[in-house]
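User: I'm new to reading protein models and would like a close look at one part of this one. Could you pick a single residue, walk me through its surroundings, and then move outward?

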Amino acid sequence: MSFGPMPIANAFRRADEAATPEYTFELAPAFCDSCGTFQLVDQPDPALMFHGDYAFFSGTSRAMADHFGRFAADVRRDHLGPDPFVVEIGCNDGILLRHFGTGRHLGVEPSRNVAAAARDQGLAVREDFFGTAVAEAIRADHGPADAVLAANVLCHIPDVHDLAEGISRLLGDDGVLVFEEPHLGAMIEKTAYDQLYDEHVFMFSLQSVGRIFADHGLELFHAAPQPTHGGGMRYFLGRPGRRPATAALAAERAREAELGLDRPATYDAFRRRVERSRDALMAVLADHRAAGRRVVGYAATSKSTTVINYCGITPDHLAFITDSTPLKQGRVSPGAHIPIRPPEAFRDPWPDAAVLFAWNHRDEIMAKEADYPGDWITFVPEVRVESRR
Ligand code: DWN
Ligand code: SAH
């Protein structure tokens, strides 16, 4: 399937870039029979996405900060002894790594501006793209890792075998790899096609993770579904035979089998639901426009770049998108060039309706915007107008 030409999801453009042509690629995911991932056929160069002007700061969600506090506590309780060496791949602004900041730790983060935000908290960060060469250098400098952690990043790394080999070489014999990512099954079940954008090169499942890491001497022993980022899976791996496989792992494997993730028909049905979702969303926006209602977008997520450009949403449909990230404010959205404005713009004056692009942060946003008198337009798992009147 193809979503057509897409810009880089986080390439929010400054006014001085208006004359520069925008890079686009074909957003076309396909199921890979050999590794079992749903993956992008055309994969943009990571250097185009992760650099000194990376627009996503993990700390923009309070609920995610709490989530990562629990993640760290669980790993410490279940898998770490005294004085562990913990490496986090893709630590961003340190939202997870800071919970290991007083011990031996290292973050690996190629995006300079977010890495700087982590360093400002006193964290040790290597500014690099993680892979086998970097892993070997870390092991040579610091010794083997007791835990390699990652969240929402392994699916961003195109050379998945170089990545898995690097993790395997970095981990000590009794070390654990714990990482979480959006789950292919959740994306299919919720028709959450906005999980597909340049950074998400792979949509993983237990099946694909098991196959990829088995080639590099690491075995899944546990899995735990996560409610975050629209439905994720936390994967636990170690050296074969070191830890008994849990009943939860077997149960999650059985659930995946029921979802038919290895059947072409599953993806055909997904594509048809995506097309229906696009048509329904555009019908709602056209009705609002015809009625002269003022509509804005809420949260300029990476995911929104896919929705906006695939569906054909323009500045005529959305007056602006409000977002709490200072770096995005005053710029325009990738592709459609919808202005991004700070949270205060949302309430001054209130719009008639708002498209909730950060549907994954729904509870946090609903609590924050309890006074908002307008409608919410949502599109996952299906298009709805939630009227407040
Ligand atoms: O996988 C990825 C995840 C972890 O984060 C990355 N590839 C990029 C990024 O994806 P995203 O941009 O879709 O993530 P979020 O967390 O859905 O983005 C939230 C956006 O919404 C941020 O720009 C901040 C903004 N926001 C807001 O304006 N008000 C968020 C909250 C909670 C709010 O109240
Ligand atoms: N872990 C954070 C950030 C996820 S965004 C969270 O869950 O909120 C993805 C992050 O991975 C970005 O900060 C990006 O710069 C980083 N990244 C991308 N490719 C990487 C690589 N090869 N090695 C390490 N980090 C990488």
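Analyst: Let's start with the contacts of L249. Setting aside the neighbours within four places in sequence, L249 is in contact with L206, L220, F221, H222 and A223. Please keep in mind that this is a predicted model. L249 itself belongs to helix α8, which covers residues 247–259. Is L249 buried or exposed? Its relative accessibility is 1%, so L249 counts as buried, since the cut-off for buried is under 20%. There is also a backbone distance to look at: the C-alpha atoms of L249 and A224 are separated by 7.7 Å, although these two residues are 25 apart along the chain.

Now let's move to a strand. Strand β5 runs over residues 85–89, and 5 of its 5 residues are buried. You can check this face by face: F85, V87 and I89 are buried on one side, while V86 and E88 are buried on the other. What does β5 pair with? Strand β6, residues 104–108, runs parallel to β5 and is joined to it by 5 bridges. If you want one position to find on screen, look for I89, which stands opposite V108 in β6. Strand β8, residues 145–151, also runs parallel to β5, with 4 bridges joining them. Here a good position to find is V87, whose bridge partner in β8 is V148.

Next comes a helix. Helix α9 spans residues 264–290 and has 27 residues. From its first C-alpha to its last, α9 reaches 39 Å, close to the 39 Å expected at 1.5 Å a residue. Among the buried residues of α9 are Y267, F270, V274, L281, L285 and H288. After α9 comes G292, which has a positive phi, near 70 degrees.

Finally, let's visit ligand 2. How many residues surround ligand 2? There are 20, and the closest are S58, E109, S111, A151 and N152. Three side chains are worth finding here. In S58, a side-chain N or O atom is 2.7 Å from an oxygen atom of ligand 2. For E109, the distance from a side-chain N or O atom to an oxygen atom of the ligand is 2.5 Å. With N152, the matching distance between a side-chain N or O atom and a ligand 2 oxygen is 2.9 Å. On its own, ligand 2 has 580 Å² of accessible area, and the protein covers 97% of that.

Technical notes
Residues are numbered from 1 along each chain as its sequence is written. Chains are lettered from A and ligands numbered from 1 in the order in which they are written. This is a predicted model: local features need pLDDT of at least 70, side-chain atom pairs count only at pLDDT 80 or more; totals for chains, interfaces and linings use all residues. Side-chain values use heavy atoms; hydrogens and water are left out. Helices (H or I, at least four residues) and strands (E, at least two) are DSSP runs, numbered from the N terminus. Buried means under 20% relative accessible area, exposed over 50%, partly exposed in between (1.4 Å probe, protein chains only). Contact means heavy atoms within 4.5 Å. Two strands pair if DSSP finds at least two bridges between them. The expected span of a helix is 1.5 Å times one less than its number of residues. A residue is near a molecule or strand if one of its heavy atoms lies within 4 Å of it. A polar contact is a pair of N or O atoms within 3.5 Å; within protein, one must be able to donate a hydrogen and the other to accept it, and residues adjacent in sequence count only if both atoms are side-chain atoms. Accessible areas come from the Shrake-Rupley method with a 1.4 Å probe; for residues, only the protein chains shown count as cover.
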